[in-house]
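Me: Please take a close look at the largest pocket of this structure. I want to know what lines it and how the parts around it are built.

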Amino acid sequence: MITVKRFPLDGILLMLLVAVALHKLTGDAIHEWVSLVFAAFLIGHLLVNWDLIFGVGKRLFAKGPSASARFNFVWNLLLYTAMGVVMLSGILISRSVLPSLGIALENDPFMSYIHKRSIFVLYAMLGVHFGMHWDWIRSHFARKKEVAE
């Protein structure tokens, strides 16, 4: 049952990530607003997966979890930390969302630098994240194909 909720949410999250990554094509305003929608779906992703996150986290240093489960847990913590850095720095350099809410921050070149550089780290980390879950993704598509036939 959880896969029924998880897979469509992950698909939407991936599409939003691609939309956010097309910053040069969409411009600042769309990039910032889509990023807020992405953040909301990311929170949904964490909530839907909370049982897995909490379960592995609780047993992290016990003998139960495999080395790959431990790596996955630590990697995901680092990944969400990187996402937090990208999102926070993005908010702090906002040229559309914050001003439309009546919040004006001074342009901070250092935050802009952090935002741009941390995105590259985040994309590399996401590649590893997708690779770690590739069997789950592939098996889900295989099940969908079997049901369709």
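The reply below starts with the chain, goes into the pocket, and then follows the helices around it.

Reply: This is a predicted model, and every value here is computed from it. First, the frame. The protein chain holds 8 helices and 0 strands. Read from the N terminus, the order is α-α-α-α-α-α-α-α. Of its 149 residues, 32% are buried.

Now the pocket itself. Rolling a probe the size of a water molecule over the atoms shows where empty space is left. The largest pocket encloses about 910 Å³. Its lining counts 33 residues, and those closest to the centre are Asp10, His45, Asn49, His129 and His133. Which elements give two or more residues to this lining? They are α1 (2–21), α3 (28–48), α4 (50–58), α5 (67–92), α7 (109–132) and α8 (134–148). The biggest share comes from α5, with 8 residues. By class, the lining splits into 24 nonpolar, 7 polar and 2 charged residues.

There is a second pocket to set beside it. The second largest pocket has a volume of about 790 Å³. A set of 29 residues lines this second pocket, with His31, Ser35, Gly90, His115 and Ile119 closest to its centre. Two or more lining residues come from each of α1, α2 (23–26), α3, α5, α6 (97–100) and α7. The classes here are 17 nonpolar, 7 polar and 5 charged. Helix α5 appears in the list for the largest pocket and again in the list for the second largest.

Take α5 first. It runs for 26 residues and spans 37 Å from its first C-alpha to its last, close to the 38 Å expected at 1.5 Å a residue. Its buried residues are Asn72, Phe73, Trp75, Asn76, Leu79, Ala82, Met83, Val86, Ser89 and Gly90. Of these, Gly90 is among the residues closest to the centre of the second largest pocket.

Helix α5 also holds an aromatic contact. A pair of aromatic rings is described by the distance of the centres and the angle of the planes. The count is 1 aromatic pair. Phe71 and Trp75 have ring centres 5.6 Å apart and planes at 25°, so the pair is stacked; the cut-off for stacking is under 30 degrees. The two residues are 4 apart in α5, about one helical turn. Their exposure is not alike. Phe71 is partly exposed at 42% relative accessible area. Trp75 is buried at 18%, under the 20% limit for buried residues.

Next, α3. This helix has 21 residues and reaches 30 Å between its first and last C-alpha, close to the 30 Å expected at 1.5 Å a residue. Buried along α3 are His31, Glu32, Val34, Phe38, Ala39, Leu42 and His45. These residues cover an arc of only 165° around the axis, so they sit on the same side of α3. On the other side of α3, Ile43 and Leu47 are exposed. Two of the buried residues tie back to the pockets. His45 is one of the residues closest to the centre of the largest pocket. His31 has that role in the second largest.

Then α7. His129 lies in this helix. At 11% relative accessibility, His129 is buried. His129 is also among the residues closest to the centre of the largest pocket. Its C-alpha atom is 8.0 Å from that of Asn72, although 57 residues separate the two along the chain. Asn72 is one of the buried residues of α5. Lys116 is in α7 too. Lys116 is partly exposed, at 48%. Between Lys116 and Gly90, the C-alpha distance is 8.9 Å, with their positions 26 residues apart in sequence.

Last, a loop. Pro65 sits between α4 and α5. Its relative accessible area is 10%, so Pro65 is buried. Pro65 and Gly55 are 10 residues apart in sequence, and their C-alpha atoms are 9.9 Å apart.

Definitions and conventions:
Residues are numbered from 1 along each chain as its sequence is written. This is a predicted model: local features need pLDDT of at least 70, side-chain atom pairs count only at pLDDT 80 or more; totals for chains, interfaces and linings use all residues. Side-chain values use heavy atoms; hydrogens and water are left out. On a 1 Å grid over the protein atoms alone, a cavity is a set of points where a 1.4 Å probe fits but cannot get out, and a pocket is an open set with protein on both sides within 12 Å along at least five of seven lines; lining residues have an atom within 4 Å of a point. Grid points are joined across faces, edges and corners, and a volume is the space filled by probe spheres set on the points. Ala, Val, Leu, Ile, Met, Phe, Trp, Tyr, Cys and Pro count as nonpolar, Asp, Glu, Lys and Arg as charged, and the others, Gly among them, as polar. The expected span of a helix is 1.5 Å times one less than its number of residues. Buried means under 20% relative accessible area, exposed over 50%, partly exposed in between (1.4 Å probe, protein chains only). The arc is that of the directions from the helix axis to the C-beta atoms. Rings of Phe, Tyr and Trp (its six-membered ring) pair if their centres lie within 6.5 Å; planes under 30 degrees apart count as stacked, over 60 as edge-to-face and the rest as tilted.
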